[in-house]
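Please open the structure in your viewer and keep the sequence panel visible. The tour proceeds by successive selections.

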Amino acid sequence: MQILVIGATGYPGRRVSTALARAGHTVLGLTRDTDAPAARALVTDEVTPVLGDFSKAETWRGHLEGTDAVVHLLIGMSDPIGGDQRLFADLLAAQERDGRRRHLVFTTGISSYGRTGLAPMDENTPGNPDSPIGFRFALERELAASGLAHTIVRPGFMGDRPPRP
């Protein structure tokens with residue numbers, strides 16, 4: 001498979017990109033600067049850095065051509081809702097253009113729940129609407145209604161550096 005990883009130079013993205021490449025996939029790692037050390041490091045893991053800025057869809061939209069899947073590992077800070085909605089729309093448009101049904105892996109994170117007051121939580125736990133990123137649940141519902149092939153992942157930690165011991 002050819003897989004586009006959005007957020008490939010971040011902490012989780014580097015690890016996901018590397019694992020996908022080691023599994024034999026062709027991995028394109030989206031980066032704003034292909035000459036940056038983090039982008040050059042992708043090359044050592046057999047990931048191809050490709051130029052694009054998630055906040056500017058016109059810079060990465062072309063990388064969807066020939067792609068079988070997209071792994072989305074970041075929140076576009078300038079427009080966190082609109083950026084993801086554009087991604088959904090661009091994937092649908094690409095599918096209509098070429099008939100290729102791409103699979104989207106959409107990551108949110110346990111932080112979407114905010115403080116619930118519940119000890120154990122699972123995918124059926126309702127989110128706290130006061131959470132700063134609780135809007136991610138609405139995006140998940142939009143994605144489910146879109147008809148795109150997708151998987152939603154809410155890991156316990158998503159960030160740009162490992163947690164401190």
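The tour starts with the whole chain and then turns to one pair of helices.

**Select the whole chain.** This is a predicted model. Colour the protein chain by secondary structure: 4 helices and 6 strands should appear. Followed from the N terminus, the elements come in the order β-α-β-α-β-β-α-β-α-β.

**Display the C-alpha trace.** Along its principal axes, the trace of the protein chain extends over about 45 × 45 × 30 Å. The radius of gyration of the protein chain is 16 Å, which agrees with the value near 15 Å for a compact globule because the chain has 165 residues. Of the contacts between residues at least 6 apart in sequence, 61% join residues at least 24 apart.

**Switch on the surface.** The protein chain has an accessible surface of about 8900 Å², and carbon and sulfur atoms account for 53% of that area. Of its 165 residues, 38% count as buried.

**Select residues 80-98 and 135-146.** These are helix H3 and helix H4, respectively. Their axes lie 11 Å apart, and the helices pack at an angle of about 10°. Angles under 35 degrees count as roughly parallel, and H3 is therefore roughly parallel to H4.

**Show the side chains at the contact.** Which residues of H3 and H4 make the contact?

- From H3: Pro80, Ile81, Asp84, Gln85, Phe88 and Leu92.
- From H4: Phe135, Arg136, Leu139, Glu142, Leu143 and Ser146.

Colouring this selection by class shows 7 nonpolar, 2 polar and 3 charged residues in the contact of H3 with H4.

Note on methods:
Residues numbered from 1 in each chain as written. Predicted model: local features only at pLDDT ≥ 70, side-chain atom pairs only at ≥ 80, totals over all residues. Heavy atoms only, no water. Axes fitted to C-alpha atoms, helices over the stretch in contact; angles between N-to-C directions. Helix = DSSP H or I, 4+ residues; strand = E, 2+ residues; numbered from the N terminus. Parallel < 35°, antiparallel > 145°, perpendicular 65-115°, else oblique. Contact = heavy atoms within 4.5 Å. Nonpolar A, V, L, I, M, F, W, Y, C, P; charged D, E, K, R; others polar. Rg over C-alpha atoms; globule rule 2.2 N^0.38 Å. Buried < 20%, exposed > 50% of the residue type's maximum accessible area, 1.4 Å probe, protein only. Areas by Shrake-Rupley, 256 points an atom, 1.4 Å probe, with all protein chains shown as cover.
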